[in-house]
Amino acid sequence: MITGIYPGSFDPVTYGHLDIIERASKMVDRLIVGVLVNSTKTPLFSMEERVRMIEDLTRNHGNVEVKSFGGLTVNFARECDATIIVRGLRAVTDFEYELQLAQTNKVIAPDIDTIFLTTNLKYSYLSSSTVKEIASYGGAIHEFVPEEVEKQIKLKYKNIK
Ligand code: ADP
């Protein structure tokens, strides 16, 4: 039984993340999406909201679970009995940071491997922060996130303004 985790902020989840979840879930027996509780960043969506959105969108994937976590990713992987950390790579700009992270994790947890899935070309430019920025100026985001997420983002910016 191979368990993988897919950690990230997912603030909020985009089609780019969902594509990685879909593909990674076919490679492992159990995939746990780990929503990071990051104390240094103030997210647009609460941890509960981010978890719920991903849960709603992955309901039809039988082997995908969603959990929140804080602290070291490798500790979360251990708690989940996972041996694989999945990360997505969009562009060269992601690479340096991701390589450093993967190598550090390998030193502190030699039994856990990081695997990278290259982005679907359709979503190579896509990030949660870009989506939020466009939405904050009232731009269209339906090509980047599912309808339900779009509604939630719009609601947030309506309440903030
Ligand atoms: P973090 O704050 O850890 O970077 P994100 O929520 O931004 O978390 O992303 C989580 C993971 O998903 C990262 O590995 C990131 O590279 C990947 N990712 C984000 N957007 C995309 C995308 N459009 N295509 C492929 N992978 C992506």
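**A walk through a five-stranded sheet**

Helix 1 lies across strand 1, strand 2, strand 3, strand 4 and strand 5. Against strand 5, helix 1 runs at about 120 degrees. Keep in mind that this is a predicted model.

Now look at the strands themselves. In what order do the five strands form the sheet? The order is 3-2-1-4-5, the sheet is open, and the pairing is parallel. Strand 3 and strand 5, residues 113-118, are the edge strands, and each of them pairs on one side only. From one strand to the next, the twist averages 30 degrees.

Take the pairings in turn. Strand 1 and strand 2 run parallel and are joined by six bridges. Here I5 stands opposite I32 in strand 2. Strand 2 covers residues 30-36, and strand 3 covers residues 64-69. These two also pair in the parallel sense, over six bridges. Find V35, and opposite it in strand 3 you will find S68. How does the chain get from strand 2 to strand 3? It crosses through helix 2, residues 47-58, and this β-α-β crossover is right-handed. Helix 2 lies across both strand 2 and strand 3. Its direction is at about 175 degrees to strand 3.

One general point helps when you look at any of these strands. In a regular strand, side chains alternate between the two faces of the sheet.

Next, go to the loop between strand 1 and helix 1. F10 lies in this loop. F10 is not a glycine, yet its phi is positive, about 50 degrees. P12 has its place in the loop too. A cis peptide bond joins D11 and P12, with omega at about -5 degrees.

Finally, turn to the empty space. Rolling a probe the size of a water molecule over the atoms shows where such space is left. The largest pocket has a volume of about 1100 Å³. Which residues lie nearest its centre? They are P7, G8, S9, R87 and E98, out of 43 residues that line the pocket. Several elements give two or more residues to this lining: strand 1 (3-8), helix 1 (15-25), strand 4 (84-89), helix 4 (92-108) and helix 5 (128-136). Helix 4 provides the largest share, eight residues. By type, the lining of the largest pocket divides into 16 nonpolar, 18 polar and nine charged residues.

Conventions: Residues are numbered from 1 along each chain as its sequence is written. This is a predicted model: local features need pLDDT of at least 70, side-chain atom pairs count only at pLDDT 80 or more; totals for chains, interfaces and linings use all residues. Side-chain values use heavy atoms; hydrogens and water are left out. Two strands pair if DSSP finds at least two bridges between them. Helices (H or I, at least four residues) and strands (E, at least two) are DSSP runs, numbered from the N terminus. A crossover is right-handed if, with the strands pointing away from the viewer, the path from the first strand over the helix to the second runs clockwise. On a 1 Å grid over the protein atoms alone, a cavity is a set of points where a 1.4 Å probe fits but cannot get out, and a pocket is an open set with protein on both sides within 12 Å along at least five of seven lines; lining residues have an atom within 4 Å of a point. Grid points are joined across faces, edges and corners, and a volume is the space filled by probe spheres set on the points. Ala, Val, Leu, Ile, Met, Phe, Trp, Tyr, Cys and Pro count as nonpolar, Asp, Glu, Lys and Arg as charged, and the others, Gly among them, as polar. Axes are lines fitted to C-alpha atoms, for helices over the stretch in contact, and angles run from 0 to 180 degrees between N-to-C directions. Contact means heavy atoms within 4.5 Å.
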